[in-house]
Amino acid sequence: MHAITVTAPGGPEVLTWSEVPDPSPGPGEVLIDVAATAVNRADVLQRRGLYPPPRGASEILGLECSGTVSALGDGVRDWQIGDRVCALLAGGGYAEKVAVPATQLLPVPDGLDLAAAASLPEVACTVWSNLVMIGGMRAGQLVLIHGGGGGIGTHAIQVASALGATVAVTAGSELKLAACRDLGASITVNYREDDFVAAVRDTPQGGADLILDNMGAKYLDRNVDALAKDGQLCVIGMQGGAIAELNIGKLLAKRGHVFATGLRGRPETGTSSKAEIVSEVTARLWPLVADGTIRPVVHAELPITEAGRAHELLDSAETVGKVVLTVA
């Protein structure tokens with residue numbers, strides 16, 4: 001088969017469409033003939049040599065895909081050859097075939113084609129596990145989402161709105177902020193010009209009940225300032241650095257909570273596992289996708305041989321939502 005390989009850590013030009021050995025499904029796994037995959041921030045970091053895959057995972061980029069089941073490993077009972085699926089991966093999505101634990105498969109939601117379905121597993125599992133499963137998001141809360149124009153942000157806006165929360169977002173361009181408003185955000189802040197702390201404090205809640213943060217260190221102190229009483233800060237990224245000072249006094253005064261989670265390194269099964277999250281997403285979030293309440297936001301579809309161009313688009317001020325790579 002062919003896959004995108006990284007010739008050496010570096011820029012988008014190091015991504016090459018090359019021949020690699022075919023994967024085969026182990027016990028409890030299925031083999032997928034990949035129709036499409038999608039670009040995530042972790043792919044860019046791995047390409048640059050900054051985010052190695054977990055032990056035992058494929059070295060090939062790609063944390064999600066869609067396609068058709070083509071082979072079953074021993075013990076797989078709930079899926080059949082020919083099923084149209086999408087999947088959460090620890091790696092391997094930028095390829096013609098990928099082997100994945102059957103517990104990380106999701107059916108393609110009704111009404112979606114395979115390209116659109118490829119854009120969902122990573123963002124859906126990230127957003128649902130943090131906002132709902134850990135954060136306990138509920139109607140009437142104010143939720144602040146940083147990076148509202150990205151893949152996670154555009155999905156999180158829709159999930160929070162669908163569950164009755166008021167949504168505030170930050171983004172770096174008017175184009176992205178307009179898209180966020182179209183998706184359901186009622187408070188939009190251009191982080192290049194305005195202060196998100198003031199924006200959420202000037203609300204009936206007096207601050208954000210729940211913050212979904214992709215920046216990490218750079219925003220830590222201001223995120224604590226932005227919390228409402230008993231508010232929760234969920235850190236899912238380190239785009240603004242990894243080390244910062246936490247003012248415990250301010251956090252105590254807010255009765256605040258800070259938690260940080262990742263998805264890629266979770267165990268396949270058991271407590272806090274990918275299987276647990278995928279099961280929740282399939283049962284509770286997928287119906288909202290099937291009925292159109294929540295929709296994939298795809299900025300562009302490119303052939304997988306243009307993966308380098310897709311990585312460049314991820315950092316563009318014009319890109320809203322996900323970039324999908326299709327496999328012929």
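**Close-up views of a predicted model**

By class, the residues lining the largest cavity split into four nonpolar, five polar and two charged. That cavity belongs to a predicted model, and the legends below take a look at it, at two helix packings and at a pocket.

**View 1. The largest cavity holds about 50 Å³ of space.** Searching the whole structure turns up one cavity of 30 Å³ or more. Its walls are made by Ser-119, Leu-120, Val-123, Gly-151, Thr-154, His-155, Gln-158, Arg-295, Pro-296, Val-297 and Lys-322. Helix H4 gives the most to this lining, with four residues.

**View 2. Helix H3 packs against helix H4 at an angle of about 50°.** Here you see H3, residues 121-134, next to H4, residues 151-162, with their axes 9 Å apart. Angles from 65 to 115 degrees would count as roughly perpendicular and those under 35 as roughly parallel, so H3 is oblique to H4. The crossing of H3 past H4 is right-handed. On the H3 side, the contact is made by Val-123, Ala-124, Thr-126, Val-127, Trp-128 and Leu-131. H4 brings Gly-151, Ile-152, His-155, Ala-156 and Val-159 to meet them. Sorted by class, this H3 and H4 contact has eight nonpolar residues, three polar ones and no charged ones. Val-123, Gly-151 and His-155 may look familiar: they are part of this contact and also line the largest cavity.

**View 3. Helix H3 also meets helix H9, crossing at roughly 85°.** H9 covers residues 274-290, and its axis comes within 10 Å of the axis of H3. With 65 to 115 degrees counting as roughly perpendicular, that angle makes H3 roughly perpendicular to H9. H3 makes the contact through Ala-124, Cys-125, Trp-128, Ser-129, Val-132 and Met-133. From H9 come Glu-276, Ile-277, Val-278, Glu-280, Val-281, Arg-284, Leu-285 and Trp-286. The class count for H3 with H9 is ten nonpolar, one polar and three charged residues. Ala-124 and Trp-128 of H3 touch H9 here, and they take part in the H4 contact as well.

**View 4. The second largest pocket contains about 480 Å³ of space.** A total of 29 residues line this pocket, and nearest its centre lie Gly-56, Ala-57, Ser-58, Gly-91 and Ala-99. Strand E6, residues 97-101, supplies the largest share of the lining, five residues. Overall, the lining of this pocket has 15 nonpolar, six polar and eight charged residues.

Notes:
Residues are numbered from 1 along each chain as its sequence is written. This is a predicted model: local features need pLDDT of at least 70, side-chain atom pairs count only at pLDDT 80 or more; totals for chains, interfaces and linings use all residues. Side-chain values use heavy atoms; hydrogens and water are left out. Axes are lines fitted to C-alpha atoms, for helices over the stretch in contact, and angles run from 0 to 180 degrees between N-to-C directions. Helices (H or I, at least four residues) and strands (E, at least two) are DSSP runs, numbered from the N terminus. Angles under 35 degrees count as roughly parallel, over 145 as roughly antiparallel, 65 to 115 as roughly perpendicular and the rest as oblique. A crossing is left-handed if the near helix is turned anticlockwise from the far one by less than a right angle, and right-handed if clockwise. Contact means heavy atoms within 4.5 Å. Ala, Val, Leu, Ile, Met, Phe, Trp, Tyr, Cys and Pro count as nonpolar, Asp, Glu, Lys and Arg as charged, and the others, Gly among them, as polar. On a 1 Å grid over the protein atoms alone, a cavity is a set of points where a 1.4 Å probe fits but cannot get out, and a pocket is an open set with protein on both sides within 12 Å along at least five of seven lines; lining residues have an atom within 4 Å of a point. Grid points are joined across faces, edges and corners, and a volume is the space filled by probe spheres set on the points.
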